[in-house]
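The following exercises are meant to be worked with the coordinates open, and each is followed by a solution that proceeds step by step.

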Amino acid sequence: MKKILLLIIGCITLAGCNDDVLNLNNPAQYDESNYFKTQNECQESVISLYSVLTMRPFYARDWYFMFDLLGGQASKTANLEVPFVQFDEFTYNADNDYINWAWTGYYRIAMRSLVAIEKVSAWETKTSSEAAAKELMLGEAHFFYSYAYYYLTELWGDVPSHDTWTSIKNDPAKPRTAYADIQKKMEESLTVAIAKLPEEWDSSNLGRITKDAARAMMGKIYLTQGQYDKAVQILSAVKADQLHNNYYTLFTRGNHVSKEIIMQVVHKFWGWGEGNSYYMWGGKESWGSGKAANCGRHVEYGFNDWNNVSVPDAAMTKFTYSLNGKQYLDPRNQEIVYGDGTIGDGDFAGGKFDYKPNDGTAATGYKWKKYCYYETAEHMNMDDGDYSSILIRVADVKLLLAEAYIGKADYESARKQINEVRARVNATPYESLTAANAFDALKTERYIELFGEQHYWFDLVRWDRLGKVDMVKEIGRNMKAQHKKFPIPTTEKDTNQFMEVSDGWN
């Protein structure tokens, strides 16, 4: 079987054909009643789940802008387009395209997962190898069902939910389902996924979902509920335990084979004459004959290229913190940004980095090093966009486990997990953690270690719900209480008569 990044990325038409077409008895015309009869046809329903992650507003381009800006880990320059500036300034509303695309995108994943579950379950296998493949496909489909609803509920809270593909067809408009009820469904699906998925795939199936990815997602669900015993149990069961030996190269070309990565979107540049590298501005799965999977982050964030964002001074101040009773500058500052050499790397492949204190202009302030190639090249282009966007990795899981231990007041176990992550960059270890400082240490560690990986916003959502932080105070800027959730998209309010939005926002 081909690698996921090489597999066809094509929408499967699920609507029925009209009577005229059916009367032609054309074998090239399919509907859901006469498709999904073979292993390859069933596999296509599962492949379609992965493909959504390269569509708008996800990992080809938009996702990193949205949540780095919201979380204050990136800031606008004059080059940044207006809909993204709205995330930086908290001026977005229900008509923001990226919010609409996120709503549509996650419901697309949820719908496709239910199609896959229904059709693969009904597939009559003829051999033991087909039966084994069927189990794996069902595991992937159940994972993506939970994955989609996790983000829908973390971003919007109570949302309409469906349990089956038949439900979507027969009764597409639904009222909002309670957050806790959706979480129960997510937990059920992840339990199925963990049972059916493999511990690992062979190299020809790079990027496919494993048990560890499902365990990590289950751990996140338990953490959102404050169920720390369950979170420790499932996160401790994650078998991946190897940290990449170099923090910087974990985010550049070749990272897709790193043992640290648990879940990834594998990007691929196919060439200027094959595929279409510009699909990330709105191209669908058919752009470039399906060969369109590169990412644009490196050039979008790159200071010597498109320079659409900087790193705010306020974000960099968090790299200096209290450690063992003293002020400490975290060494990861040198791996994440370019700066004056003391805070931020002072050199790149083109020579000395020309750092100027931030005065609001695009040519000043700290600039991105993470996910950029400036250590080996003075400039980058679209053809450098073949690396992996990392969604879940070992360090993330270790810190989630540390958070669960802190919830159980097991500060020594939490300290061990945090210090294992810090050892990779030779950061000074914590000598002790107590009830007074453990959560702050965990919060700082997740902020720095996962900087620019779009976790911070969702960490704050979780901690705010549990009463550990106030998101508005943590973020500052122009954020108001209503921004803790995204607004319900106008299109949803206009088309779903059951959608109740009492405050005009969410």
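**Exercise 1.** Determine what sign phi takes at Gly72, just after helix H3, and establish how many residues of H3 are buried.

*Solution.* Begin at the end of the helix: in this predicted model, Gly72, which comes just after H3, takes a positive phi of about 75 degrees. Next, turn to the helix itself, where 9 of 9 residues are buried, so that H3 is mostly covered. The buried residues of H3 include the aromatic side chains Trp63, Tyr64, Phe65 and Phe67, and among them are also Asp62 and Asp68. Finally, step back to the loop between helix H2 (39-51) and helix H3 (62-70), where Pro57 is found; the peptide bond that leads from Arg56 to Pro57 is cis, with omega near 5 degrees.

**Exercise 2.** Find the phi values of Gln454 and Arg477, locate each residue in its loop, and decide whether each is buried, partly exposed or exposed.

*Solution.* For Gln454, phi is near 65 degrees, a positive value in a residue other than glycine. Gln454 belongs to the loop between helix H16 (438-449) and helix H17 (456-465). Its relative accessibility is 10%, and because the limit for buried is under 20%, Gln454 counts as buried.

For Arg477, phi is near 55 degrees, again a positive value in a residue other than glycine. The loop that holds Arg477 runs between helix H18 (471-475) and helix H19 (490-495). With a relative accessibility of 39%, Arg477 counts as partly exposed, since that class lies between the 20% and 50% limits.

**Exercise 3.** Which strand pairs with E2, and how do the two run? Decide also how far strand E10 is enclosed.

*Solution.* Strand E2 (residues 261-266) is joined to E10 by 5 bridges, and the two strands run antiparallel. To fix the register, take Ile261, whose bridge partner in E10 is Arg393. As for burial, 6 of the 6 residues of E10 (residues 388-393) are buried, and therefore the strand is largely enclosed by the rest of the structure.

**Exercise 4.** Describe the surroundings of Gly219, and state how many Å separate its C-alpha atom from that of Thr38.

*Solution.* First place the residue: Gly219 lies in helix H9 (residues 211-225). Its relative accessibility is 0%, so Gly219 counts as buried. Once neighbours within four places in sequence are set aside, the residues in contact with Gly219 are Ala231, Ile234 and Leu235. By contrast with these contacts, Thr38 stands 181 residues away along the chain, and the C-alpha atoms of Gly219 and Thr38 are separated by 35 Å.

**Exercise 5.** Assemble a description of the whole chain, and test its radius of gyration against the value for a compact globule.

*Solution.* Start with the secondary structure, which comprises 19 helices and 10 strands. A compact globule of 506 residues would have a radius of gyration near 23 Å, and because the chain has 23 Å, the two agree. Along the principal axes, the C-alpha atoms fill a box of roughly 75 × 50 × 50 Å. Of the 506 residues, 58% count as buried, and of the contacts with a separation of 6 or more, 68% come from residues 24 or more positions apart. The accessible surface amounts to about 20100 Å², with 49% of it belonging to carbon and sulfur atoms. Lastly, the charges: the mean positions of the 55 positive and 67 negative charges are 3 Å apart.

How values were computed
Residues numbered from 1 in each chain as written. Predicted model: local features only at pLDDT ≥ 70, side-chain atom pairs only at ≥ 80, totals over all residues. Heavy atoms only, no water. Helix = DSSP H or I, 4+ residues; strand = E, 2+ residues; numbered from the N terminus. Rg over C-alpha atoms; globule rule 2.2 N^0.38 Å. Buried < 20%, exposed > 50% of the residue type's maximum accessible area, 1.4 Å probe, protein only. Contact = heavy atoms within 4.5 Å. Areas by Shrake-Rupley, 256 points an atom, 1.4 Å probe, with all protein chains shown as cover. Lys, Arg positive; Asp, Glu negative; His and termini not counted. Charge placed at Lys NZ, Arg CZ, Asp CG, Glu CD. Pairing = 2+ DSSP bridges.
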